[in-house]
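Trainee: I'd like to learn how to read charged and polar contacts in a protein model. Could you walk me through some?

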Amino acid sequence: MSASATPAASAEQDEALAHFDALIAEGGTIEPRDWMPDGYRRMLIRQIAQHAHSEIIGMQPEGAWLTRAPSLHRKSVLIAKVQDEAGHGLYLYSAAETLGVDRADLLDALHRGQQRASATFNHPALTWADTGAIAWLTDGAAVINQAPLCRTSYGPYARAMRRVCQEEAFHVRQGYDLMRALCEGTPEQKAMAQDAVNRWWLPAVALMFGPPDTAAGGADARTAAPGAAVSRRAMAWGIKRHTNDELRQRFVDQCVPQAERLGLTLPDRAIRWNEERGHYDFTPVDWDVYRQALGDETHWARQRIAHRRTAHEDGAWVREAAAAYAARADTAPEETA
Amino acid sequence: MTTTSDAPANPTTPGPAVVAAVGGGTAPAPDADLAVHLLRLGDDALVLGQRLCQWITRAPTVEEDLALSNIALDLIGHARVLLDRAGRLDGTGRTEDDLAFTRPEREFTNALLTELPGGDFAVTVARQLAYTHYAVLYYEALAGCADAELAAFGARAAKEVAFHRLHADRWILRLGRGTPKSARRMRLGLERVWPYTGELFDEDDVMRRLAASGTVPSPAPLRPAWERRVTEVVARAGLTVPAPSWSARGGRDGLHTEEFGPLIAELQSVHRQFPGGTW
């Protein structure tokens, strides 16, 4: 805006920025009508949209098993979980809309490949045990990632995350319970559980937390530099509260004893307790390996988006009908049958 | 094992072969009849729930993914109650999962309506309309039966299905009165589904014995009320209830559509791949 060119407007903006900075510094909450820097708004839109997209894309690998769940109890649990994810997508799109964007535009951006969902879901769910591994590991990682977001500086996002986190924590327990049942079952069931963990561990560790952003978490300070710059900015604004690597460590520390209790092996030979640090050591994330998984040019990255796009296009006539019905002046209010 | 407090007339080893004299001649014991009936209701809920599961992640909006999964969850819940009870009544001791995951296609007794492929949203809405209006009426009637367990289930299920009915009613209005395209598709959806609605109200010997003994109500007398209600909703949507020249049946006797085999194969695949598995 050219308004900032006049000295009065500039002074006003300085004042608004000072107020914003002070609010952030004292741990206050920014609300939709409050002034906020463009960069803050853009970072939030990007992050919340990516999070919302991840919820609805994340419905796919588990959703594919709804019709094959091996007991009616597990089927009910899985339906409820996938339903929760649709709900999380809706809370988060609503939170993003408070920043002046439209859900339809965000979905279009996802469908056109301009916005992304978490690359974790660019992995296939190959067996029933994958639904357990996803819930235990991927949702487990999500809870660790997201718990601090309940105190993030943007009010609508923080409030959405409080609801999301409660439900996610329940999904983790359900996932662990599913894996426990498999591990206590036949040798074939246990083998299926181990195979799923072998395939979902690294995507959870690497992709759910983002790139290394500390020298300790990356192979070296140089490779961690780009991630560190983004994290510094997000932390200064109170959007993020911890580095990716801190949260990743917390996740590993949580999972190792759980895996031991299940009798499953996490596929990282470097995992061992480090008395001095008071944490488990593990192989640093080699981000270059994951750059490929992050790209659009993998079968599953394309498939997830194609599935979304097909559903969206197939349903266009339904949405058009609903919009036309709602817009019609002569439409009587919907009766409650 | 729990004692069969719900079936005081049960001998200590209940079995389908137990004979009771209802209306003269030899007829299966009321328990065996009731098991057949509950299995039919349970299979309706299970198979329709399975069809709705196929929508999830493919619905026209995220709200609809959520709504259809919510409905599917309720239906699977109904199936669990009904199959569990059927397994306790028929003397085989089969669990809900035994019944859902180990029976071959020919032993499923759902109405054909519930198994029709549902990839077209208008077909799904038409089926939901027909089924939910029927199910509310039937479960409300079941809520008045003498069997306390079934009456409680009927009362709960009727309340849940009333929400599913509201969902169907709203969609047929939106589609019927939305755009010319949606009205045409909705009309075709109704035409596709309607020949399969009659089977919901069919009455065979099993049903007649159960109704005559006052065990559970028959759905047959509910048909006029159902016709009235669906006709009213369909008319509000600017459409007409089709008058099909034929009526499909066979599901209650295990004679299904060819599309049913793949549905059951998918439903049972994991369970069957792991013999002796615990889940």
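Mentor: Sure, and keep in mind that this is a predicted model. Start with A:Asp177, which makes a salt bridge to A:Arg74, with 3.0 Å between the closest N and O atoms.

Trainee: What is the general idea behind a pair like that?

Mentor: Side chains of opposite charge can pair when their charged atoms come close.

Trainee: And where do A:Asp177 and A:Arg74 lie in the chain?

Mentor: A:Asp177 is in helix H6 (residues 155-183) of chain A and A:Arg74 is in helix H3 of chain A, so their pairing ties together parts 103 residues apart in sequence.

Trainee: Is A:Arg74 buried or exposed?

Mentor: Here you need the cut-off: under 20% relative accessible area means buried. A:Arg74 has 5% relative accessibility, so it counts as buried. Its partner A:Asp177 has 27%, so that one is partly exposed.

Trainee: Which residue pairs with A:Asp130?

Mentor: That's A:Arg199, in a salt bridge whose closest N and O atoms are 2.7 Å apart. The two belong to distant parts of the chain: A:Asp130 sits in helix H5 (residues 128-146) of chain A and A:Arg199 in helix H7 (residues 187-207) of chain A, 69 residues apart. A:Asp130 is buried, with a relative accessible area of 0%, while A:Arg199 is partly exposed at 22%.

Trainee: Now chain B. Where do B:Asp120 and B:Arg185 lie?

Mentor: First, the contact: their side chains form a salt bridge of 3.7 Å, N to O. B:Asp120 is in the loop between helix H4 (112-115) and helix H5 (121-142) of chain B, and B:Arg185 is in helix H7 (residues 180-193) of chain B, so this pair ties together parts 65 residues apart in sequence. Both count as partly exposed, B:Asp120 at 26% and B:Arg185 at 23%. Salt bridges can also share partners, and that is how B:Asp84, B:Arg85, B:Arg88, B:Asp147 and B:Glu149 are joined into one network.

Trainee: How many salt bridges are there over all chains?

Mentor: The search of the whole structure finds 30.

Trainee: What joins A:Ser231 and A:Asp213?

Mentor: Their side chains share a polar contact of 2.6 Å. A:Ser231 is in helix H8 (residues 221-236) of chain A, and its relative accessible area of 4% makes it buried.

Trainee: Which residues gather in a patch of negative charge?

Mentor: Look at the surface for A:Glu97, A:Asp102, A:Asp105 and A:Asp108. One of them, A:Asp102, is in the loop between helix H3 (72-97) and helix H4 (103-111) of chain A, and it is partly exposed at 38% relative accessible area.

Key
Residues numbered from 1 in each chain as written. Chains lettered and ligands numbered in written order. Predicted model: local features only at pLDDT ≥ 70, side-chain atom pairs only at ≥ 80, totals over all residues. Heavy atoms only, no water. Patch = residues over 30% accessible without salt bridge, like charges linked within 9 Å, V, L, I, M, F, W, Y side chains within 5 Å. Areas by Shrake-Rupley, 256 points an atom, 1.4 Å probe, with all protein chains shown as cover. Salt bridge = Lys/Arg side-chain N within 4 Å of Asp/Glu carboxyl O. Lys, Arg positive; Asp, Glu negative; His and termini not counted. Charge placed at Lys NZ, Arg CZ, Asp CG, Glu CD. Helix = DSSP H or I, 4+ residues; strand = E, 2+ residues; numbered from the N terminus. Buried < 20%, exposed > 50% of the residue type's maximum accessible area, 1.4 Å probe, protein only. Polar contact = N/O pair within 3.5 Å; in protein donor to acceptor, adjacent residues only side chain to side chain.
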